[in-house]
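User: I am new to this structure and would like a close look at a single part of it. Please take me through that part slowly, in connected prose.

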Amino acid sequence: MLVRDRMTPDPIKITCEIPASDALELMRMKKIRRLPVLNKTGGLIGIVSEKDLLYASPSPVTSLSVWEIRELMHMLTVKKVMTQKLVTIPEDATLEEAAVLMISNKIGGLPVLQGNRLTGIITETDLFKVFLNLLGGRRPGVRITVLIPNVKGTIAQISKAIFNAGGNIVGLGTIEFPKTDNEAWECVFKVQGVSRVQLMDTVRPVVHEITDIRSQ
């Protein structure tokens, strides 16, 4: 999966001259948490987040009057609070690359570019949705977690055993398991078409251990 397949295309954009209060109101109205900022020629020059705007807002315990606060927020433009040191990603990058960039830079979203043109935005929420889909989180079935050796063909053996039992794998995830001295992997399967007992009996001969099983 590539960034262009999961990004929000043609995101809502603003210019740097608008008041910060207007940007915050727009975010709340559209239920989004960040806005790309463009210059007059349509070039990307920054990004502003809800957190940036809230940090720039007067404290709730300020001695200023409501009217003074409104006036200050109207005078404060997006240009003064936006992030200008941009971290972007091309739309043909992988989702893994997007995740690495977000984690490394401790940010929750990335403007997506095609060349120098802004074409979308991808956020941590988009990645969470992919994670949920990969594990079959919204599909009914039996979820089983197993430990397997890091041996070529092991997942193929489990898949074949599930198929032979009449099961259909609708979610799958693997991760290196850190709690063992021997090299092992933890695998999660979401399976339809078999009962919990059938699934346990099916996979037990080809895995190290069944660590969890539940119907969802």
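**Helix H5 and its surroundings**

Analyst: In this predicted model, what covers the buried residues of helix H5 includes helix H1 (3–6), strand S5 (89–90), strand S6 (109–114), strand S7 (117–123) and helix H6 (124–134). The residues of H5 that lie buried beneath this cover are Leu95, Ala98 and Met102, in a helix that spans residues 95–105. Seen down the axis of H5, these buried residues fall within an arc of 60 degrees, so they line one face of the helix. An α-helix has 3.6 residues a turn, so residues three or four places apart point the same way. On the face of H5 that is turned away from the buried side, the exposed residues are Glu96, Val100, Ile103 and Ser104. After H5 comes lysine 106, which has a positive phi, near 55 degrees.

Helix H6, one of the elements that cover H5, can be read in a similar manner. Its buried residues are Asp126, Leu127 and Val130, and, seen down the axis of H6, they fall within an arc of 100 degrees, so they too line one face of their helix. These buried residues of H6 pack against H5, and also against H1, strand S1 (8–9) and S7. The face of H6 turned away from its buried side carries Phe128 and Phe131, both of which are exposed. Just after H6, glycine 136 adopts a positive phi of about 65 degrees.

How values were computed:
Residues are numbered from 1 along each chain as its sequence is written. This is a predicted model: local features need pLDDT of at least 70, side-chain atom pairs count only at pLDDT 80 or more; totals for chains, interfaces and linings use all residues. Side-chain values use heavy atoms; hydrogens and water are left out. Buried means under 20% relative accessible area, exposed over 50%, partly exposed in between (1.4 Å probe, protein chains only). Helices (H or I, at least four residues) and strands (E, at least two) are DSSP runs, numbered from the N terminus. The arc is that of the directions from the helix axis to the C-beta atoms. Contact means heavy atoms within 4.5 Å.
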